[in-house]
Amino acid sequence: MSDTAQRNQSEPSATSSSADEQRKTSTGRKGGGDPAARGRTTIADGVVEKIAGLAARDVLGVHAMGSGMSRTFGAVRDRVPGGTKSVSRGVKAEVGEVQTALDLEIVVDYGVSIADVARDVRENVISAVERMTGLEVVEVNIAVSDVKLPDEEDDESESRLQ
């Protein structure tokens, strides 16, 4: 063998040493890659429903959530000792891995612009859900099931009995 060939075999070349350095760098950390990309986060439908329900109730002009029947059953359920108020009443969510779609049923106060209230609800719900979950909200369907008249008794009013 020539002297040059023997030297090349015994001495690592500059390119192989830089490749060794890259391997050491990439395998030097445990797990490798971005820590935020290790694993998967899933969000239950009920979580999105609660967020959307609270966001919808914050809009001026929304009197209640849900149909008359669900509000009646909810009012009874809320009065049962140990029962909790359902913040997701009137909200249905379909949650995928990166997107969600929502259906809301609301009761508006008499005298408000239903179109304006629906727009404000849609904006508030989309903002809250996307900010808190990171999911893309693809649609928010709103059904106005009733109008609360000023002289109507409230279905969810407090019982006079203790």
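## Strand pairing and a helix contact

Strand E1 (residues 62-65) pairs with E3 in the antiparallel sense, over three bridges. In this pairing Val-62 stands opposite Val-108 of E3. The model is a predicted one.

E3 has further partners. Strand E2 (residues 91-95) runs antiparallel to E3, and five bridges join the two. Here Val-91 stands opposite Leu-104 in E3. The link from E2 to E3 is a hairpin of three residues.

Strand E4 (residues 136-148) pairs with E3 (residues 99-109) in the parallel sense, over 11 bridges. How does the chain cross from E3 to E4? The path goes through helix H5 (residues 114-133), and this β-α-β crossover is right-handed. Two bridge partners mark the E3/E4 pairing. Leu-102 has Val-140 of E4 as its bridge partner. Asp-109 has Lys-148 of E4.

The pairings of E3 are listed here.

| Strand paired with E3 | Sense | Bridges | Residue pair |
|---|---|---|---|
| E1 (residues 62-65) | antiparallel | three bridges | Val-62 and Val-108 |
| E2 (residues 91-95) | antiparallel | five bridges | Val-91 and Leu-104 |
| E4 (residues 136-148) | parallel | 11 bridges | Leu-102 and Val-140 |

A general point helps when reading these strands. In a regular strand, side chains alternate between the two faces of the sheet.

Now the helices. H5, the helix of the E3-to-E4 crossover, also packs against helix H3 (residues 45-57). The angle between H3 and H5 is about 140°, and their axes lie 8 Å apart. Why are H3 and H5 called oblique to each other? Angles over 145 degrees count as roughly antiparallel and 65 to 115 as roughly perpendicular; an angle of about 140° fits neither range, so the two helices are oblique. The crossing of H3 past H5 is right-handed.

Which residues make the contact? H3 supplies Val-48, Ile-51, Ala-52, Ala-55 and Ala-56. From H5 come Val-121, Asn-124, Val-125, Ala-128, Val-129, Met-132 and Thr-133. By class, the contact holds 10 nonpolar residues and two polar ones. No charged residue takes part. Asn-124 and Thr-133, both in H5, are the polar pair, because neither belongs to the nonpolar or charged classes.

Methods:
Residues numbered from 1 in each chain as written. Predicted model: local features only at pLDDT ≥ 70, side-chain atom pairs only at ≥ 80, totals over all residues. Heavy atoms only, no water. Pairing = 2+ DSSP bridges. Helix = DSSP H or I, 4+ residues; strand = E, 2+ residues; numbered from the N terminus. Right-handed = clockwise from strand over helix to strand, strands pointing away. Axes fitted to C-alpha atoms, helices over the stretch in contact; angles between N-to-C directions. Parallel < 35°, antiparallel > 145°, perpendicular 65-115°, else oblique. Left-handed = near helix turned anticlockwise from the far one by under 90°. Contact = heavy atoms within 4.5 Å.
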